[in-house]
Amino acid sequence: MKCEAVQNQILMLPDPRELPPALRDHVQACAECQAWAQHAARLETVLEHLPAPPAPEQKKESMLGDLMQAEPVIHTMPAPAKAPSYGLLAARFLRRNASYVGGLAAAVLVVIGIYAMWPSKQKDEIAKQPEKHPFLEKIVAHNVALSQAKTPAERLQVLNGVADTISANTRDVARIAPPAKLDEMATLYQKTVEQGMVKQLDHLPVNMDPAEKAKLLDTYATKLNADATAAETLALAVPPGSQPVLKKMADSARKGENALREKARGLPSPAAGSSPPTAAAATSSLAAEDKIRLFEANGGLIASLVNAGIAMSNPESSQADRVKMCRDVSLALVNAIGPAADAQNAERVAELTSLFHNFVRDGFAPMLADAKRDFPPKSPEGMRVRELQGYAVEDLARLKADIGKNEKVRENQHVRDAVKQLDDLTEAYKS
Amino acid sequence: MTREPVPDLPSNLDAEAEWIRAAQAGDRAAFAQLVDRYWDRLYRWLYHLTRDRHAAEDLAQETFLRALAAVKTFRAGSNFRAWVFRIGHNNFVNQKRAERRTKHQLPDDAAEPDAITAESSAEHREVLEVVSRAVADLPSDFRSALLLRVYEGMSFREVAETLGTTEETARWRVFKARQKLMKVLPQELLPPGASSEEPKE
């Protein structure tokens with residue numbers, strides 16, 4: 001293993017002071033990496049002890065005092081507990097601390113008051129914030145991670161995350177989604193497993209530690225097996241029209257599992273893990289109806305992003321190809337923002353602009369900078385990369401123009417906040 | 001000085017689950033237990049995000065007020081610590097946005113080495129001061145992820161849950177933060193005495 005890879009892997013560990021066997025062997029034999037590991041370990045310890053000065057105004061004690069002095073609650077069983085008088089409690093707390101709580105806390109009080117009075121359905125809607133689409137956010141974040149992944153093993157890990165996200169979202173809505181929508185999700189899952197994950201297998205390093213490789217393959221094979229089982233079980237509970245879709249997902253998972261097991265043939269049996277992987281659970285608190293509605297709005301964009309991510313993960317792609325795929329991702333987001341601005345949907349513009357910013361800042365711009373550094377300006381790759389940079393600058397200008405042409409969108413505070421972030425990107429593209 | 005060792009979490013999840021259930025039923029004393037358990041560690045993290053004691057304390061207070069108002073919506077069985085820290089992080093992000101809008105700059109407590117190092121032993125004072133400044137110079141996304149991992153001992157999955165991102169991105173941010181610190185902190189600044197542990201072999 002190369003020293004640079006070892007050193008990076010040390011910094012990626014949960015705790016650099018605890019080296020796994022694969023890294024330990026190299027570190028023991030390499031003076032440079034040994035020094036690096038010791039440096040990283042010392043840094044971790046210093047960070048652990050980094051102090052913070054004491055809080056100046058003892059607000060904790062004040063809040064605890066107010067909470068403890070509040071009237072005791074009489075629990076009545078089995079009748080549901082009466083809603084606590086949090087508004088009253090907060091009011092008393094704020095009165096006592098009015099000198100420094102100021103306008104901010106007063107605003108919180110108003111929110112609490114409104115919260116206490118509103119019907120529970122409306123409260124639920126506030127808590128859910130339905131216009132944010134966690135599925136879309138996660139796919140963009142996976143694309144960032146794919147742009148940063150350097151090795152087939154790292155890409156396998158990210159693609160496994162993509163498959164997790166898609167399968168969890170599919171299962172969440174499977175009982176009530178139209179079969180056609182469900183099939184769109186299942187197709188994305190199928191592509192991620194068959195064209196993404198499986199494709200990495202032939203490119204795992206030949207000299208990879210056999211035990212490490214066996215463990216890696218077993219982890220993802222077991223995970224896919226869990227996905228297949230979950231889809232098959234759910235297929236028994238969904239409307240007949242949706243059953244073939246879940247079967248298709250289960251088949252893809254089993255195909256992927258078989259490919260991984262085949263690759264592991266002849267390798268030592270991996271040690272038993274602490275707990276078997278399970279199919280990914282949904283993490284979003286959105287109702288299934290909201291998930292379907294948001295997928296109807298964002299399904300095309302999500303498909304573009306997943307496809308670009310799979311293309312980016314292709315081990316045969318060159319660095320310049322990956323720059324192109326990154327530009328495709330950013331372009332897909334720009335193309336979605338224009339119609340949202342035309343429809344005067346300011347919140348959607350803000351959300352998509354923020355996702356665009358995150359992807360370019362953490363994914364596209366660093367990759368562009370690396371490629372410009374690696375390819376001389378006059379080389380064919382260098383010229384292609386610089387051409388893509390030019391397109392990216394144009395995309396950014398178009399995005400700003402699309403947002404700017406409608407006053408209602410332009411003046412929305414969330415949009416203004418999101419647009420302000422874009423200034424950083426102009427510099428990032430120039431560098 | 002807020003630097004007591006953070007007790008391992010989750011050390012008493014049964015008790016915590018009971019406090020949460022009681023708080024959801026309206027028991028304020030139970031909520032006070034939760035405030036007591038998480039305030040100091042939330043404040044410490046927020047201090048390193050804001051570099052301002054007053055702002056960190058205000059944010060901690062606002063976080064628990066919001067948590068109090070929303071505790072009934074907390075899903076039983078999920079991670080309360082990540083939930084509270086996520087509210088804190090959202091407050092911090094909102095404050096930064098508001099700050100940009102008003103062009104108001106927060107005072108920078110990081111420029112008060114005496115406050116930071118008053119209880120530090122002499123030989124570590126310089127190290128802590130330099131590392132504090134280097135951490136303060138990290139982009140806030142990297143800083144928040146690194147400190148959740150190191151201070152709170154959160155797994156990458158919990159860091160992701162707190163910051164509303166993926167596990168891979170959380171891992172990447174911690175990696176980038178460490179990488180930047182390794183670059184700016186030469187080995188001489190981290191003498192072996194600064195560490196109680198070498199890599200375990």
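## Close-up views of a predicted two-chain model

**View 1. The largest nonpolar core of the predicted model.** In this predicted model, the largest nonpolar core (a set of buried Ala, Val, Leu, Ile, Met, Phe, Trp, Tyr and Cys residues joined through side-chain atoms within 4.5 Å) has 89 residues, and those with the most contacts inside it are A:Leu305, A:Phe356 and A:Phe364. Here buried means under 20% relative accessible area, exposed means over 50%, and partly exposed lies in between, with a 1.4 Å probe and protein chains only. Helix α15 of chain A, residues 346-374, gives the most to this core, with 13 residues; helices are DSSP runs of H or I with at least four residues, strands are runs of E with at least two, and both are numbered from the N terminus. Apart from this core lies another, of 76 residues, which includes A:Met12, A:Ala52, B:Leu128 and B:Phe142.

**View 2. The surroundings of A:Leu305.** When neighbours within four places in sequence are left aside, A:Leu305 is in contact (heavy atoms within 4.5 Å) with A:Leu136, A:Ile139, A:Val140, A:Asn143, A:Val329, A:Ala332 and A:Leu333.

**View 3. Helix α8 of chain A.** Helix α8 of chain A covers residues 134-148, and its 15 residues should span 21 Å at 1.5 Å a residue, which agrees with the 21 Å between its end C-alpha atoms; the expected span is 1.5 Å times one less than the number of residues. Because 12 of the 15 residues are buried, α8(A) is largely enclosed by the rest of the structure. Among the buried residues are A:Leu136, A:Ile139, A:Val140 and A:Asn143. The buried residues of α8(A) pack against α9 (152-173), α13 (288-313), α14 (319-342) and α15 of chain A, together with α9 (167-184) of chain B.

**View 4. Salt bridges within chain A.** Over all chains the structure holds 43 salt bridges, each being a side-chain nitrogen of Lys or Arg within 4 Å of a carboxyl oxygen of Asp or Glu. In one of them, the side chains of A:Lys291 and A:Asp172 meet at 2.5 Å, N to O. A:Lys291 lies in helix α13 and A:Asp172 in helix α9 of chain A, so the pair ties together parts that are 119 residues apart in sequence. A:Lys291 counts as buried at 7% relative accessibility, whereas A:Asp172 is partly exposed at 28%. A:Arg327 forms a salt bridge with A:Asp395, the closest N and O atoms being 2.9 Å apart. This pair links helix α14 with helix α16 (residues 380-404) of chain A, its members being 68 residues apart, and both A:Arg327 and A:Asp395 are buried.

**View 5. A salt bridge between the chains.** B:Asp141 forms a salt bridge with A:Arg361, with 3.0 Å between the closest N and O atoms. Since B:Asp141 lies in helix α7 (residues 140-150) of chain B and A:Arg361 in helix α15 of chain A, the pair joins two chains. A:Arg361 counts as partly exposed, at 30% relative accessibility.

**Notes on the views.** Residues are numbered from 1 along each chain as its sequence is written, while chains are lettered from A and ligands numbered from 1 in the order in which they are written. Local features need pLDDT (the predictor's confidence in each residue, from 0 to 100) of at least 70, side-chain atom pairs count only at pLDDT 80 or more, and totals for chains, interfaces and linings use all residues, while side-chain values use heavy atoms, with hydrogens and water left out.
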